[in-house]
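Grab a pencil and work through these exercises with the model open beside you. Try each task before you read its solution.

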Amino acid sequence: MTETPITMDKVEPTAPPRSQWADVWDQFRHHRGAMWGAGVFLFIVFLVLFGPWIYWNDPQYVPTGRDFLNLRDTRPIYVALFDSGAKTNWLHPLGTDNLGRDFLGRLLIGGRISLAVGMAAMILSVVLGTFIGVLAGYFRMLDGPLMRLTDLFLALPLLPLLLVAVLLFRDKLSGMFGPEGGTFILIVTLVGVTSWMQTARIVRGDVLALKEREFILAARSIGTTPSKMIARHLLPNVMSPIMVSATLGIATAIITESALSFLGFGFPPDFPTWGKLLFDAVDRMQLYPERVIWPGILISLTVLSVNYVGDGLRDALDPRIRGR
Amino acid sequence: MKLMTALMGASALAAVATTAFAAGHEGPRGRDGEVKIIYWQAPSILNPYLSSGTKDIESASMVIEPLARYDQDGNLVPWLVDEIPTTENGGVSEDLTSITWKITPGITWSDGSPFTSADVKFTYEYCSHPEGGCAQLTKFGGVSSIETPDDLTVVVNFEGSTPFPYGPFVGGESPILQAAQFADCLGARAPECTEANFNPIGTGPFVVTEFKPNDVITMAANENYRTDGKPAFASVTFKGGGDAAAAGRAVMETGEFDYAWNLQLAPDVIAKMQEGGKGTPVVGFGTLVERIMLNHTNPDPSLGPDERAVVRPHPFLQEPAVYKAMSMAIDRPLLVEVGYGQAGRVTCNWVPAPQLYASTSMNCDTQDLAGANALLDEAGFTDSDGDGVREANGVPMKILYQTSTNAVRQDFQALIKQWWAEIGIEAELRNVDASVFFGGDPGSPDTFQKFYADVEMYANNFSGTDPQSYLGNGLCDKAPSPDKQWQGENISRFCMEEFDALHAQLASTGDLNERGRIAQELNDMAVSNGMMIPLVDRGRLSAHSNSLGGVILNTWDSELWNVADWYRMK
Amino acid sequence: MLTYTIRRLILSVPTLLFISLVIFLLLKLAPGDPMASQPLTVPPEVREKMRIALGVGQPWYIAFPKWLYQFFVVEPLYLFDAMLGTDWAGGQQRVISWQTRSPVMDIVMQRIPQTLWVVGVAYVVAILIAIPIGIYSAYRQYSWFDNAGTFVTMVGFSVPPFFSGVLVIVIFSVWLGWFPSIYDTTHKVTDWASFKVQLQQMVMPVMVLALQITSQLSRFMRASMLDNLNQDYVRTARAKGLGEKTVVLVHVLRNSLIPVVTVIALGVPSIFGGAIITEQVFKVNGIGQLLITAIQANDLPMVQTLTFIFAILIVLFNLIADVLYGLLDPRIRYD
């Protein structure tokens with residue numbers, strides 16, 4: 001159960017000893033799923049970061065006058081393959097929405113917010129959850145109070161909580177960080193603060209079981225300090241549920257963000273996000289299936305790729321699998 | 001009063017037409033089995049005096065009825081009475097201080113007991129009880145007493161001369177309650193009468209068999225209903241909940257339901273649903289106008305809580321050139337096409353109907369971006385620093401444009417933002433959840449009354465056909481302010497002495513044609529002085545299945561006003 | 001373990017009181033007004049009178065104890081009266097909803113059947129599917145089964161029910177016409193035929209809900225199994241000559257259940273809490289729909305009561321989870 005595998009070789013080492021992280025990277029590199037996942041994820045990040053600069057259409061622009069009627073509701077160009085009568089336009093590869101705004105442009109710019117909110121809120125929620133879970137599981141003194149706090153947060157009704165938070169903090173935050181920065185911080189905090197409880201409960205449960213295992217007893221008997229104990233012995237062993245929580249957390253955060261902006265707590269209504277694009281398109285699902293399919297694919301792809309990265313990371317961090 | 005006679009004549013004709021219409025579908029009561037109605041807002045209570053939500057009033061209108069109703073054209077129709085009282089037939093006193101209703105003999109409640117004037121009088125007492133918190137108190141505004149000379153005569157006395165005496169007991173909002181059932185429910189005890197509130201005894205075509213609040217109502221035909229052979233349906237399932245799209249789908253695409261109420265959906269979505277071939281949308285117009293209100297106070301966030309949205313004037317919105325240009329930049333026919341389709345009409349008026357009160361003096365059908373730009377240039381509001389946004393009175397013309405969350409409203413916001421950008425006005429958009437926006441909580445910064453924005457968009461209308469109190473929403477002293485807990489209907493804080501004076505004149509005028517003229521003048525005065533930018537006259541779009549006959553969409557009263565005449569087409 | 005359970009149960013009383021106070025203050029602080037659902041044609045003076053009649057403006061130190069008394073004393077009395085036919089309550093004021101002016105608990109009782117039918121069944125279905133999937137995915141890690149499972153569960157979790165619900169309605173109700181798109185809450189199961197109708201109307205909401213729950217559960221099950229499959233005790237068990245089935249399904253499974261038990265225990269209260277979006281999409285009108293409409297209408301007594309019942313269940317099931325940990329892994333001790 002120790003971190004560095006005991007080498008049984010009698011041969012003199014010829015190369016300098018490798019660091020643990022090099023080992024982890026080595027293992028990760030050979031994990032096919034993880035490399036694919038990382039590749040796809042980086043590609044999506046690249047697209048949403050640089051896409052809007054390269055891409056020629058302004059996602060917020062609404063054509064006026066005669067252009068409006070010509071440009072609204074154009075279909076993606078691939079639709080012309082099976083429906084020659086469809087209204088398509090090469091300047092708008094994925095078509096336009098019911099107000100003539102370019103759909104690809106909206107997807108790209110919307111991805112920035114969705115990804116940023118999804119990642120940031122997920123990290124916040126996982127860090128918070130892990131921290132509270134480990135503390136509660138390891139220190140018996142803290143278990144009661146922290147778990148009752150968890151119960152409280154689980155019981156709070158989400159919507160009134162959001163209303164109160166918006167009422168109390170929106171103006172202050174937008175004063176400090178500007179309207180968009182303030183909204184971003186508010187949304188990330190709200191999603192993070194309302195979704196850490198499951199991770200905390202799971203981590204605590206695992207830690208409760210782990211800390212009675214022999215290797216912990218052994219570590220304690222040689223005088224390992226609690227902080228070292230947590231960092232070196234407990235955390236690596238609860239990595240897998242944390243990874244699952246993280247993966248699921250991204251999906252939850254992206255969807256919750258759309259619910260927030262739908263309720264009017266999020267970004268201004270003309271700021272597209274994947275969740276909001278998906279929501280707005282549901283009514284016209286039969287007429288324009290592309291408008292639900294693309295945001296749906298992007299959200300799923302992001303979550304899938306993070307899932308595989310998480311799998312690879314978990315395998316790479318597990319000393320028993322490493323080098324197998 | 002000539003017009004009133006004309007109204008009566010028309011309504012008499014309408015009554016004849018309805019009977020003729022139903023002639024081919026006669027038969028015993030309850031012959032057509034079940035009818036299923038879906039409202040995407042679920043009814044919470046069947047007592048309109050405790051809740052005036054449309055869902056509650058309309059579901060209750062199948063059970064309890066008023067003395068007279070409005071028909072689909074806004075004319076009064078006698079319902080539980082023989083005729084509409086007027087000054088001509090002596091029903092309304094010459095000095096306009098009392099009105100006498102003659103109840104049709106032989107009407108019974110669904111429990112078989114006779115319907116009498118005592119019930120009508122009781123209804124007034126129920127609503128006017130000081131501790132009752134009656135939602136329809138305005139219906140009885142100005143009533144001093146109610147007399148019941150005999151079982152079939154009701155005399156309503158008003159405190160002063162009342163040119164429009166058809167407030168009490170007219171329309172779905174003030175139906176008659178049974179005195180025997182509600183006798184113990186007066187005042188503070190009103191909420192304790194759950195059984196009565198959920199299952200009122202009425203004179204209507206149906207009686208409640210089971211009421212599940214916020215979910216579903218089941219009803220059965222009223223065996224004691226006054227007309228033989230009606231209603232055609234033996235039972236009703238009245239489902240509530242979900243959203244407009246699901247309701248439309250259930251009627252027009254899957255055919256599970258027969259009638260869906262108020263489908264606020266984009267026209268292309270409705271058209272797609274109609275392709276399902278199971279149902280048909282119907283449209284009716286009332287007085288609902290989607291408008292942009294212009295703030296007449298300064299909403300600058302740097303002002304303190306007692307000054308923000310209180311101190312006048314707005315930095316630039318009261319400049320005639322500015323609000324005229326903002327209105328000219330809007331392509332109203334396009335808004336109608338994008339947002340409402342057949343359920344919308346371009347309007348430049350605050351009061352779009354009835355015809356008597358609807359002004360025809362203004363025209364706003366065509367968008368004129370060039371003209372709007374020229375107007376602003378002429379007034380000297382030019383873009384002096386080259387950032388694409390004009391400056392007016394030393395400040396850049398940047399505005400915050402808020403509205404409630406609703407797919408159509410967000411589309412409108414995006415479109416109008418673009419048009420305003422083209423005339424050099426930059427708009428920042430904000431949407432607020434409807435329950436907060438219309439909530440009126442003085443603690444929230446996001447309510448429409450507080451108006452912490454430069455412009456805001458919503459829809460408003462008035463009940464019944466008389467716009468006097470609605471036009472009163474433009475009076476100076478109705479402006480919301482912190483010392484009034486931000487209550488008040490003058491949302492834009494419009495204030496003009498001439499307007500107040502003219503409104504006082506309206507309140508004291510009895511002649512209908514003169515009232516119409518004054519109302520139109522008030523309407524024009526408010527709109528042309530920058531109180532609001534009217535956008536769309538919004539109709540009501542509902543859908544019924546192709547096999548449901550007898551539906552006449554009525555926006556002046558409950559949509560289910562003639563449910564007794566509905567039948568199944570064979 | 002017994003003393004621990006008793007101690008926790010006693011401790012849960014102040015916890016719950018504190019939670020109810022926090023919820024109450026939160027609701028009080030939240031902007032909103034029960035008159036928001038009334039049309040704009042109702043003038044402010046009338047709204048104010050309606051508010052006073054409802055008791056909206058009462059300060060918290062009056063309203064909160066009143067609610068506590070009604071919830072903990074009056075409501076149980078009414079419950080006894082209804083069961084035993086007595087009259088202990090004596091017509092005392094119950095917790096009254098502001099929307100419907102009727103007792104909150106009556107409406108809650110009305111909603112429980114459809115919530116249990118739909119959300120409860122979805123949970124059972126999801127658990128029955130998720131656990132075997134999780135076990136087999138972990139046992140055959142990176143097999144085609146595992147990869148397919150990963151794909152389906154991840155996409156299933158990423159697609160929100162407001163979309164997947166409408167999608168299944170369009171496919172199965174509009175195109176194929178197999179199932180009704182609107183749940184009939186008045187339907188009563190009396191015989192085989194009506195049970196079939198009930199099944200038909202349950203299929204779609206259960207499918208949508210179960211997909212979400214399965215995705216989550218099976219991921220945790222798989223991860224936890226993977227952690228344990230490489231442990232030394234598994235090698236020992238195999239070396240002892242135990243059958244593969246016994247090793248995986250008894251030894252590994254038992255040790256992998258802690259996170260799964262946690263997730264299920266967190267999920268059971270949400271059976272009662274209902275599924276807000278799924279219920280809305282299919283018009284199931286269960287507890288979830290009741291809660292969301294009450295929140296939108298600012299019906300504080302209703303929201304307070306529902307969230308508090310929810311809180312009781314959360315505290316209770318987390319306690320059950322803690323007890324189960326001790327049974328699954330006897331090394332875990334709390335005292």
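Helices here are DSSP runs of H or I with at least four residues, and strands are E runs with at least two, numbered from the N terminus. Keep in mind that you're looking at a predicted model.

**Exercise 1. Work out what chain A is built from, and how much of chain A is buried.**

Step 1: count the elements. Chain A has 13 helices and zero strands.

Step 2: read along the sequence. The pattern goes α-α-α-α-α-α-α-α-α-α-α-α-α.

Step 3: check the dimensions. The C-alpha trace of chain A spans about 80 × 55 × 35 Å along its principal axes.

Step 4: look at burial, where a residue needs 20 or more other C-beta atoms within 10 Å of its own. With that cut-off, 49% of the 324 residues of chain A count as buried.

Step 5: ask how far apart in sequence the contacting residues sit. Take the contacts in chain A between residues at least 6 apart: 72% of them join residues at least 24 apart.

**Exercise 2. Describe the side of chain C that touches chain A.**

Step 1: get the head count. Chain C brings 48 residues into contact with 42 residues of chain A.

Step 2: find the helices involved. At least two residues each come from H1 (2-29), H5 (144-158), H6 (161-175), H7 (192-229), H9 (244-273) and H12 (300-328) of chain C.

Step 3: pick out the top contributor. That's H12(C), which gives the most, with eight residues.

Step 4: sort by class. This side of chain C has 34 nonpolar, 10 polar and four charged residues.

**Exercise 3. Do the same for the side of chain B that touches chain A.**

Step 1: count again. Here 27 residues of chain B meet 18 residues of chain A.

Step 2: name the elements. Helices H7 (267-274), H9 (332-339) and H11 (407-422), plus strand E16 (426-432), all of chain B, each supply at least two residues.

Step 3: find the leader. H11(B) gives the most, with 10 residues.

Step 4: sort by class. You get 13 nonpolar, six polar and eight charged residues on this side of chain B.

**Exercise 4. Work out how H9(B) and H11(B) pack together.**

Step 1: get the geometry. The two helices pack at an angle of about 150 degrees, and their axes are 10 Å apart. The crossing of H9(B) and H11(B) is right-handed.

Step 2: find the residues. H9(B) uses Leu335(B), Val338(B) and Gly339(B), while H11(B) uses Val408(B), Asp411(B), Phe412(B) and Leu415(B).

Step 3: classify them. The contact has five nonpolar residues, one polar and one charged.

**Exercise 5. Split chain B into its domains and see where they meet.**

Step 1: read the domain assignment. It gives domain 1 as 3-278 + 546-568 and domain 2 as 285-540.

Step 2: check the spacing. The C-alpha centres of domain 1 and domain 2 of chain B lie 33 Å apart.

Step 3: count the contact. Domain 1 of chain B gives 18 residues and domain 2 of chain B gives 19.

Step 4: look at the domain 1 side. H1 (2-22) and H7 of chain B each give two or more residues. That side divides into 11 nonpolar, six polar and one charged.

**Exercise 6. Is H11 of chain C mostly covered or mostly open?**

Step 1: count. H11(C), residues 287-296, has nine of its 10 residues buried, so mostly covered is right by the burial cut-off.

Step 2: name some. Among the buried ones are Ile287(C), Leu290(C), Leu291(C) and Ile295(C).

Step 3: look just past the helix. There, Asn298(C) takes a positive phi of about 55 degrees.

Terms used. Residues are numbered from 1 along each chain as its sequence is written. Chains are lettered from A and ligands numbered from 1 in the order in which they are written. This is a predicted model: local features need pLDDT of at least 70, side-chain atom pairs count only at pLDDT 80 or more; totals for chains, interfaces and linings use all residues. Two residues are in contact if their C-beta atoms, placed from the backbone, lie within 7 Å. Ala, Val, Leu, Ile, Met, Phe, Trp, Tyr, Cys and Pro count as nonpolar, Asp, Glu, Lys and Arg as charged, and the others, Gly among them, as polar. Domain bounds come from an automatic or database domain assignment. Axes are lines fitted to C-alpha atoms, for helices over the stretch in contact, and angles run from 0 to 180 degrees between N-to-C directions. A crossing is left-handed if the near helix is turned anticlockwise from the far one by less than a right angle, and right-handed if clockwise. A residue is buried if 20 or more other C-beta atoms lie within 10 Å of its own, exposed if 12 or fewer, and partly exposed in between; C-beta atoms are placed from the backbone.
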